[in-house]
Amino acid sequence: MGVAAGPIRVVVAKPGLDGHDRGAKVIARALRDAGMEVIYTGLHQTPEQVVDTAIQEDADAIGLSILSGAHNTLFAAVIELLKERDAADILVFGGGIIPEADIAPLKEKGVAEIFTPGATTASIVDWVRATVRHPAEA
């Protein structure tokens with residue numbers, strides 16, 4: 001995980017009860033169009049399901065989309081499960097309706113980056129390419 005050759009592999013997930021997935025689908029498509037392999041898990045995923053998928057798919061990163069306000073709980077649960085399952089090398093990033101005051105504490109817990117409304121798909125693609133692993137190594 002995290003160092004395999006080939007395209008960057010990203011699991012895009014909608015954890016929790018949030019039923020709004022347009023943003024997640026837009027990001028999944030942008031990453032796919034940029035040459036990454038994207039596994040979209042669909043709505044209403046538990047943190048366990050997200051982590052299981054990321055490990056089974058040998059993902060380099062997990063992108064979480066949360067609009068429900070449960071970001072502090074759900075992001076932390078994903079990070080902890082990755083640690084418990086010896087998969088902390090899978091990078092976690094996210095986006096959605098996340099108050100500015102919550103961003104620093106989420107990063108302290110291990111979330112690599114948070115994209116708030118208004119972030120461009122190009123900026124997210126560029127960040128994933130620059131952060132997950134160098135594309136020349138793929």
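1. Asp-86 is found in the loop between H3 and E4, and its phi is near 55 degrees, a positive value in a residue other than glycine. This residue comes just after H3. With a relative accessible area of 69%, Asp-86 is exposed, because that value lies over 50%. The model under review is a predicted one, and the backbone angle of Asp-86 is accordingly reported here as a computed value of the model.

2. A second aspartate shows a positive phi: Asp-58, which is not a glycine either, has a value of about 55 degrees. Asp-58 sits in the loop between H2 and E3. Its relative accessible area is 31%, so Asp-58 is classed as partly exposed.

3. The helix that precedes the loop of Asp-86 is H3, which has 14 residues and reaches 20 Å from its first C-alpha to its last, close to the 20 Å expected at 1.5 Å a residue. Buried positions in H3 are His-71, Leu-74, Phe-75, Ala-76, Val-78, Ile-79, Leu-81 and Leu-82. The partners against which the buried residues of H3 pack are H2, E3, E4, H4 and strand E5, the last spanning 113–115.

4. The largest nonpolar core holds 24 residues, and those that touch the most other members are Ile-62, Leu-64, Phe-75 and Leu-82. At least two residues of this core come from each of strand E1 (9–13), helix H2 (47–56), E3, helix H3 (71–84) and helix H4 (100–109). H3 provides the largest share of this core, namely six residues.

5. Which residues are in contact with Ile-62, once its neighbours within four places in sequence are left aside? The contacts of Ile-62 are Val-11, Val-50, Ala-54, Val-78, Leu-82, Ile-90, Leu-91, Val-92 and Phe-93. Of these, Val-78 and Leu-82 are also listed among the buried residues of H3. Apart from the largest core lies another core, of 18 residues, and its members include Ile-27, Leu-31, Val-125 and Val-132.

6. The largest pocket has a volume of about 360 Å³. Its lining is made up of 23 residues, of which Gly-23, Ile-27, Ser-65, Gly-95 and Gly-96 are the closest to the centre of the pocket. Ile-27, besides lining this pocket, is a member of the core of 18 residues.

7. As to where the lining of the largest pocket comes from, helix H1 (22–33), strand E3 (61–66), strand E4 (91–96) and helix H5 (121–132) each supply at least two of its residues. The element that gives the most is H1, with five residues. By residue class, the lining divides into 12 nonpolar, 10 polar and one charged.

8. Two alanines deserve a remark on their place in the chain and in space. Ala-5, in the segment before E1, counts as exposed because its relative accessibility is 66%. Its C-alpha atom is separated by 9.9 Å from that of Arg-133, although Ala-5 and Arg-133 are 128 residues apart along the chain. Ala-122 is found in helix H5 and counts as partly exposed because its relative accessibility is 45%. The C-alpha atoms of Ala-122 and His-20 are separated by 21 Å, and these two residues are 102 residues apart along the chain.

Key
Residues are numbered from 1 along each chain as its sequence is written. This is a predicted model: local features need pLDDT of at least 70, side-chain atom pairs count only at pLDDT 80 or more; totals for chains, interfaces and linings use all residues. Side-chain values use heavy atoms; hydrogens and water are left out. On a 1 Å grid over the protein atoms alone, a cavity is a set of points where a 1.4 Å probe fits but cannot get out, and a pocket is an open set with protein on both sides within 12 Å along at least five of seven lines; lining residues have an atom within 4 Å of a point. Grid points are joined across faces, edges and corners, and a volume is the space filled by probe spheres set on the points. Helices (H or I, at least four residues) and strands (E, at least two) are DSSP runs, numbered from the N terminus. Ala, Val, Leu, Ile, Met, Phe, Trp, Tyr, Cys and Pro count as nonpolar, Asp, Glu, Lys and Arg as charged, and the others, Gly among them, as polar. A nonpolar core is a set of buried Ala, Val, Leu, Ile, Met, Phe, Trp, Tyr and Cys residues joined through side-chain atoms within 4.5 Å. Buried means under 20% relative accessible area, exposed over 50%, partly exposed in between (1.4 Å probe, protein chains only). Contact means heavy atoms within 4.5 Å. The expected span of a helix is 1.5 Å times one less than its number of residues.
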